[in-house]
Amino acid sequence: MASQEQLLAIKGAKVLMVGAGGIGCELLKTLALSGFQDIHIIDMDTIEVSNLNRQFLFRQSHVGQSKAKVARDAVLRFRSNISITPYHVNVKDSRFNVEFFKEFDVVLNGLDNLDARRHVNRLCLAADVPLVESGTTGFLGQVTVHLKGKTECYECQPKPAPKTYPVCTITSTPSKFVHCVVWAKDLLFAKLFGDKNQENDLNVRSSDAANSLEHSEDVFECRKDEDIEQYGRRIYDHVFGHNIKMALSNEETWKNLNKPRPIYSKDVLPEKLTKENGDMEKGCTTDDISAMASLGLKNPQDLWSLAENSRVFLEALRLFFLKRVKEIGNLTFDKDDQLAVEFVTAAANIRASSFGIPSHSLFEAKGIAGNIVHAVATTNAVIAGLIVIEAIKVLIKDSNNYRMTYCLEHPSKKLLLMPVEPYEPNKSCYVCSETPLSLEVNIHSSKLRDFVEKIVKAKLGMNFPLIMQGASILYEVGEDLEEDMVAIYAANLEKALSELPSPVTSGTVLTVEDLQQEFSCSINIKHREEFDEEKEPDGMLLSGWVEAPVDKDNNKPIRNSESTSNALPAEEILDGEKDVEIQEIPEGTETVTGKKRKLSEVSEGTSTNHSGLSDENRSHNQLEKLDVDDEDDELIISDDWESLTKKKRL
């Protein structure tokens, strides 16, 4: 039973929820049933069919409607006496500024991407409003509490960039199925159906291209004298036959690698394809167009043969040109686009067959292509409950009992929920501690536009940046700027850093601000002539993390992200953004009571260790931290998909 203090805090609280998806639906329901009276929800998304298996406030009839609005209506049916205010708009909208955030007693996040999380984190810091962050991935989940000056902020630990693969591996020497999926999605699909002017590595030309008309022209352009089937077969033969044959001509590449085999359509399919029992010829919507349906293939978990993959490839290409020709040239891959998923699956499997890599089902390929670890509704419900528990602690200012809680797939010491005391703020965090960053860049070749796009927006997550050198403004974004200033800043974007009106040199300190987030940081510029194109594709390197302090007792570095508990179990960890520290405990290790790290500005004395876990004898077998994301199952891709789909007993 809730205490009188808790009930009063709940009824008087004004709560902001950001995200109305997998966690958001469960969270809104739990808040309403817990007695919260004033709830505001921000979510820019609309409901999709793929949401219905776990976002239980939504029904088939709601597809295409606002998540925030439909969630509100659904909850008001069983809690009509409370106030729920929905906002069907991006949380980055200018109306959601610091003053807006100051209206709330606590902010609860159920977001699906790093950029939005960073934005909300900065607004909460500027408004001095507590933030409860969360996420789920399959059976794994987490809830963390962030209070300005008392616990680390969401950005106190660096978030690694999404997993990428060297272009040469993708185009020439794939060794894993994920390499084939990336090739099919980011190269082949983009080349055939995306922006025709975009540079692409697929147009491999033979050494005697001048004497070969077929391979000196753009083979991806449909010729006037060929029908769709002829065009499809020619594309098939080029990417799976000719390109592989040309790759084999470089014998040095294959000295220590298994050689791929060229695959041509005539070797796999009859000269004239016959239609299978399908139902695609009559009028249908974009969502209904399916190569599988056209070919009579029904189970997405079946493994297709090479011939079946080849048929799906050609049929999907045919349907794009017959049924969706107006979209060609503007398409990007979407995991909810059935025809796109079918095309990418078939293309990836054919390429995998060529390189001797095991094929995968459409279900598995979709998970890889969409960066998906399939969601579990129960995990979302558990995490939503934990969010509310922490929110109540925040409202009654029970700071000694704040906990970051991790939901595990398999029990450790008979526990599935692992609570850990929050970490102190990272003194080297450029967001909450205002530690300067440093940027290595070629000031003569890199333009201000490169700095804005690759660093200020992509790395620092700023939306309305203001860039200054001393008192000189180099760039600014805003609706109230005069036209002549807009023209000046636009011209500055195209200038090299060393050629700006206030030239940037090695040793220059740039101040970068986001007025909406009320966030500012300093960047020390260091000139560097050359960069490794493979390892440093941006042509610049941003850094700002100081070496971890040393634990004098153990003579080893203390990572700010280290848990005060050593009883978290080893798990199979995904590459990607990281939020959970998981450690392995050797068999037979006894848990003992020891020192705990204390939060700044928290009452002195030792608080109760609710985790019941040891704070000493940390295992050296540490694994990387896990980042778990809510909403549409999205997660940064792992390069070992097979290991993630197999259960592992600890």
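In this predicted model, one open sheet is built from 6 strands in the order E11-E10-E12-E13-E9-E14, and its pairing is mixed. The edge positions are taken by strand E11 (472-476) and strand E14 (540-543); each has a single partner strand, so one side of each is left without a neighbour in the sheet. Neighbouring strands here are turned against each other by 25 degrees on average, direction ignored.

At the E11 edge, the pairing can be followed residue by residue. Strand E10 (residues 465-469) pairs with E11 in the antiparallel sense, over 4 bridges. Within this pairing, Gln469 has Ser472 in E11 as its bridge partner.

Another open sheet has 8 strands, ordered E3-E2-E1-E4-E5-E6-E7-E8, again with mixed pairing. Its edges are strand E3 (83-87) and strand E8 (415-420), and because each has a single partner strand, one side of each is left without a neighbour in the sheet. From one strand to the next, the twist averages 20 degrees.

Inside the order of this sheet, E5 is followed by E6. Strand E5 (residues 131-137) and strand E6 (residues 140-146) are joined by 7 bridges in the antiparallel sense. Gly135 is placed opposite Gln142 in E6.

A helix also belongs to the description of the 8-stranded sheet. Helix H2 (residues 22-34) packs on the sheet and touches strand E1 (14-18), strand E2 (38-42), E3, strand E4 (106-109) and E5. Among the strands touched by H2 is thus the edge strand E3. The direction of H2 makes about 165 degrees with that of E1.

Conventions
Residues numbered from 1 in each chain as written. Predicted model: local features only at pLDDT ≥ 70, side-chain atom pairs only at ≥ 80, totals over all residues. Heavy atoms only, no water. Pairing = 2+ DSSP bridges. Helix = DSSP H or I, 4+ residues; strand = E, 2+ residues; numbered from the N terminus. Axes fitted to C-alpha atoms, helices over the stretch in contact; angles between N-to-C directions. Contact = heavy atoms within 4.5 Å.
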